[in-house]
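Hi,

Here is the structure I promised to pass on. Have a look at it first, and my notes follow below.

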Amino acid sequence: MTDPNNSRQINLLLDSDPQPTLILAADATVSDCNRTTRELLTISKAPTPDALLPVNTQALVQAAIGQGRAIEDVESRFSDRIVLWSFIPLPEGTQVLVRGRDATNDIRDQEQAVRSNRLYRLITENTTDLISRHAPDGRFIDATPASWRLLGYWPEELRGKALEDVFQGENLAEELAQTRHRLREDGYATLTLELHHRDCSRRWFEIASRAIRETYTGAVVEVISVSRDITARVESEEQNRRLADELAHTARLATLGELASSIAHEMNQPLASIVNFASASQRFLKEADKHPDRLLKVDDGLQKIVHHANRASEVIKRLRAFLRKGQKRMAPVSLNAVISDVVKLCQWEAEKNGVRLQEYLAADSPVITADPVLLEQVLINLVRNGIEANVEARGETGRLSHIVVTTCINDQRETLIQVTDEGTGLDDEGIRQMFQPFFTSKPKGLGLGLSMSRSIIEGFGGFLDAIPAETGGLSLICRFPPNQHRLAPNRTADFAHPPGEKP
């Protein structure tokens, strides 16, 4: 039988223990428990103290008494708590001291760490992007298995290697130096690099890097990078750009064919004048022996030959520029000058169809940034569409019709180019559809002209739209934002009105 004095000493010890403690008999019944256990019963709303213990408590008690040793860290879960119990046999061999430790936070943190580690491994082992760790000088610390597919190196091969030993490409040293500077200054950097795989194939990478800093000094101690292979996207963009260049060049060739009569007229006039003045000069030279004053007429004729030859040269130069195939060349463009050139190119076709082209241009010629050849292509397309609309609306009446081309700066400081015809116009639905690819009302049209024209204007930062005109036709408006134009200083842009009209 247990000495009562010893029992009281044990009870005093148990009641002063901050951890839950119980005394179990050999059959696992609870003989006593301390104050902490009773408080835990109240908090957890457990019916009896043994409800706090592991489900195999009886086997644990027998094992501890039978083997004469303590059994530690046996887990039980109740309510929202996790307790680790130790079963310690008392010297008499008939009782077991069971002492618990609240391990809820420790085990929850451990379980969260296990889940995080499992998720990390799942991501790093299966992601198609390369995630890598680097020392401040760029040397690889570690990398995910995607390094084999993207670079041709396994992670083990990359550890300790410098970036310059793995990445091969033009301007690499300069790009890496700029990236390291941005990481030191901003803590974050992105760059796009053309690299070569270990098998020498050409690749494009988009790399985002973030600096990990030392807490107190702020020095960069590590860099985490995510590298994505964007080769397919870059090649697709290059292919689309080549197709766009081909399409634009084809459109210029088609426009040239449609403008053949205008070109012939442009060239015929100076060439005919050259022939006439050359013939007259030959005749005057033959008469120079008897009439020396004829030499003055020869000199005048030669000057006019030079003038018309230069004019023919300008026509050829303008056509060569129009047909030139190549990348977009952005430059300051004087709108009034471009429109005058377009009107000259379209004048013969307009006159042939009984259409008069009128220019109402801003007194201070607006200047925008654009490709002059592509802008000229758009305006020619708009003017020719207007000519066709006028002819269709006029029918067989034979009356003279007009197309008006204007430039101005509106109240919002936007630069506008407006081409207005006297055709039959379109309803709201027709205006919405007219800029869609392959939409056309012409029997032989492809429906690409206006769609391509809008794309070109948007490439300059502007917008092309249409509105019904007071003439009954349409006004096609190229609109450019305020930062796209310049005017001569101390002048106010306004329309230059034709003689006889009031401003």
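**What I found**

Let's start with a hairpin: β14 and β15 form one with 5 residues between the strands, and in it R413 takes a positive phi near 65°. Bear in mind that this is a predicted model.

The two strands of that hairpin, β14 (residues 401-409) and β15 (residues 415-420), run antiparallel and are joined by 6 bridges. On its other pairing, β14 goes with strand β12 (residues 355-360), this time in the parallel sense, over 6 bridges. T406 is a handy residue to click on here: Y360 stands opposite T406, and in β15 the bridge partner of T406 is Q418. As for exposure, β14 is mostly covered, with 8 of its 9 residues buried.

Next, a sheet elsewhere in the chain. This one is open, has 5 strands in the order β7-β6-β10-β9-β8, and pairs antiparallel. β7 (140-143) and β8 (188-196) are at the edges with a single partner strand each, so one side of each has no neighbour in the sheet. From one strand to the next the twist averages 25°.

Inside that sheet, β9 (residues 202-213) and β10 (residues 220-229) run antiparallel, joined by 9 bridges. If you want a pair to look at, E206 has R228 in β10 as its bridge partner. There is also a helix to go with these strands: α8 (residues 172-186) lies across β8, β9 and β10, and runs at about 165° to β8.

Then there is a helix pair. α13 (residues 372-394) and α15 (residues 449-459) pack at an angle of about 145°, and their axes are 10 Å apart. Their crossing is left-handed. On the α13 side the contact residues include L374, L375, V378 and L382, and on the α15 side they include L450, M452, I456 and I457. By class, the contact has 8 nonpolar and 5 polar residues, and no charged ones.

Finally, confidence, since you will probably ask. The mean pLDDT of the chain is 81, with 83% of its residues at 70 or more. Which elements have the lowest and the highest mean pLDDT? Strand β18 (residues 485-486) is the lowest at 54, while strand β4 (residues 81-89) is the highest at 94. Over residues 488-503 the pLDDT is below 50, and this stretch has 24 contacts in the model beyond near neighbours in sequence.

Cheers

Conventions
Residues numbered from 1 in each chain as written. Predicted model: local features only at pLDDT ≥ 70, side-chain atom pairs only at ≥ 80, totals over all residues. Heavy atoms only, no water. Axes fitted to C-alpha atoms, helices over the stretch in contact; angles between N-to-C directions. Helix = DSSP H or I, 4+ residues; strand = E, 2+ residues; numbered from the N terminus. Left-handed = near helix turned anticlockwise from the far one by under 90°. Contact = heavy atoms within 4.5 Å. Nonpolar A, V, L, I, M, F, W, Y, C, P; charged D, E, K, R; others polar. pLDDT = per-residue confidence, 0-100. Buried < 20%, exposed > 50% of the residue type's maximum accessible area, 1.4 Å probe, protein only. Pairing = 2+ DSSP bridges.
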